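Visitor: I have a model to go through and not much time. Can you walk me through it?

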Amino acid sequence: MNTVNETQKLAAKLAKNVAAGDTILLSGDLGAGKTTFTQGFAKELGIKRPVKSPTFTLVREYQTSEFPLYHLDVYRLGEEGNAEDLGLSEYFGGDAVALVEWSQYIKPDLPDDVLKISFERVASQETQRLITITATGKQSTRLLAAMEE
Ligand SMILES: Nc1ncnc2c1ncn2[C@@H]1O[C@H](COP(=O)(O)OP(=O)(O)O)[C@@H](O)[C@H]1O
Ligand SMILES: [Mg+2]
């Protein structure tokens, strides 16, 4: 059985293994579970502030003891059809960790090495999600291997 709880448990497992410089892309339709996953991730890192999708800004920053955590939700850029480099690349890599919702709208800003997590609803099961994780480079492959241990 896959529930909100299980999604957040998976997020916590990822958070335990994440390191500065990691970039995580969350894909899936509205209501698929991207923000729910981010909440489980932030909780595991000891973030007490409530995590909600940034609506009027594209990015929210949270502090952990080890690195800044950036949560980007760029949904509204898609509505504007924006495909230019927006200078968001400063949020990726370096000494920060970033989680991105609707990353397909900021492709030119994204690094090559990312962990991709996709969320899909399962027909007729309101609380079930099919979650698929893919790594696209050295650093994300390390992260995926670590969380699978
Ligand atoms: N297994 C599940 N994993 C994640 N969310 C789930 C699950 N089952 C039901 N939900 C519900 O689906 C909704 C997901 O919303 P949200 O995380 O905001 O989606 P998104 O950020 O992808 O638009 C929440 O209301 C959550 O309670
Ligand atoms: Mg969301």
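Guide: Start with a parallel pair: β1 and β5 are joined by four bridges. Keep in mind that this is a predicted model.

Visitor: Which residue in β5 is the bridge partner of Leu-25?

Guide: Lys-116 is the partner of Leu-25.

Visitor: And β5 with β6, parallel or antiparallel?

Guide: Antiparallel, with eight bridges joining β5 to β6. One bridge pairs Arg-121 with Arg-129 in β6.

Visitor: How many residues lie between the strands in the hairpin of β5 and β6?

Guide: Two residues lie between them. Ser-124, in that hairpin, takes a positive phi near 70°.

Visitor: Is Ser-124 buried or exposed?

Guide: Exposed, because its relative accessible area is 74% and the cut-off is over 50%. Most residues other than glycine have a negative phi. Ser-124 has a positive one and is not a glycine.

Visitor: Zoom out. What is the strand order of the whole sheet?

Guide: The order is β2-β3-β4-β1-β5-β6. That is an open sheet of six strands, with mixed pairing.

Visitor: Which are the edge strands?

Guide: β2, residues 59-63, and β6, residues 125-135. Each of them pairs on one side only. From one strand to the next, the twist averages 20°.

Visitor: What packs on the sheet?

Guide: Helix α2, residues 34-44, does. It touches β1 (23-27), β3, β4 (97-101) and β5 (115-122). The direction of α2 makes about 160° with that of β4. Helix α4, residues 138-148, also packs on the sheet, where it touches β5 and β6. The angle between the directions of α4 and β6 is about 130°.

Visitor: Stay on α2. Which of its residues are buried?

Guide: Lys-34, Thr-35, Phe-37, Thr-38, Gly-40, Phe-41 and Ala-42. A lysine is on that list: Lys-34.

Visitor: What covers the buried residues of α2?

Guide: The cover includes helix α1 (4-17), along with β1, β3, β4 and β5.

Visitor: What comes just after α2?

Guide: Gly-46, with a positive phi of about 85°.

Visitor: Back to the β2 edge. How does β2 pair with β3?

Guide: In the antiparallel sense, over five bridges, with β3 spanning residues 68-73. The two strands form a hairpin with four residues between them. Gln-63 stands opposite Pro-68. Val-59 stands opposite Leu-72.

Visitor: New topic. How many cavities of 30 Å³ or more are there?

Guide: A search of the whole structure finds one. Its volume is about 30 Å³.

Visitor: Which residues line the largest cavity?

Guide: Gly-21, Asp-22, Thr-23, Asp-113, Val-114, Leu-115, Gln-139, Ser-140 and Leu-143. By class, that lining has three nonpolar, four polar and two charged residues.

Visitor: Where does the largest share of the lining come from?

Guide: From α4, which contributes three residues.

Visitor: Tell me about Leu-115. Why does it count as buried?

Guide: Leu-115 counts as buried because its relative accessibility is 0%, and the cut-off is under 20%. Leu-115 is found in strand β5.

Visitor: What is Leu-115 in contact with, leaving aside neighbours within four places in sequence?

Guide: The contacts are Leu-14, Thr-23, Ile-24, Leu-25, Ile-133, Thr-134, Ala-135, Ser-140, Leu-143 and Leu-144. Three of these names, Thr-23, Ser-140 and Leu-143, also appear in the cavity lining.

Visitor: Last stop, the loop between β4 and β5. What about the phi of Trp-102?

Guide: Phi of Trp-102 is positive, about 65°, although Trp-102 is not a glycine. Trp-102 is found in that loop.

Visitor: Is Trp-102 buried or exposed?

Guide: Buried, because its relative accessibility is 9%. The C-alpha atoms of Trp-102 and Leu-115 are separated by 14 Å, and the two residues are 13 apart along the chain.

Visitor: And Ser-103, where is it found?

Guide: Ser-103 is in the loop between β4 and β5. Ser-103 counts as buried, at 9% relative accessibility.

Visitor: What does Ser-103 touch, not counting residues up to four places away in sequence?

Guide: Leu-25 and Leu-110. Leu-25 takes us back to the start: its bridge partner in β5 is Lys-116.

Terms used:
Residues numbered from 1 in each chain as written. Chains lettered and ligands numbered in written order. Predicted model: local features only at pLDDT ≥ 70, side-chain atom pairs only at ≥ 80, totals over all residues. Heavy atoms only, no water. Pairing = 2+ DSSP bridges. Axes fitted to C-alpha atoms, helices over the stretch in contact; angles between N-to-C directions. Contact = heavy atoms within 4.5 Å. 1 Å grid on protein atoms, 1.4 Å probe; cavity = no way out; pocket = protein on both sides within 12 Å on 5 of 7 lines; lining within 4 Å. Points joined across faces, edges and corners; volume = space filled by probe spheres on them. Nonpolar A, V, L, I, M, F, W, Y, C, P; charged D, E, K, R; others polar. Buried < 20%, exposed > 50% of the residue type's maximum accessible area, 1.4 Å probe, protein only.
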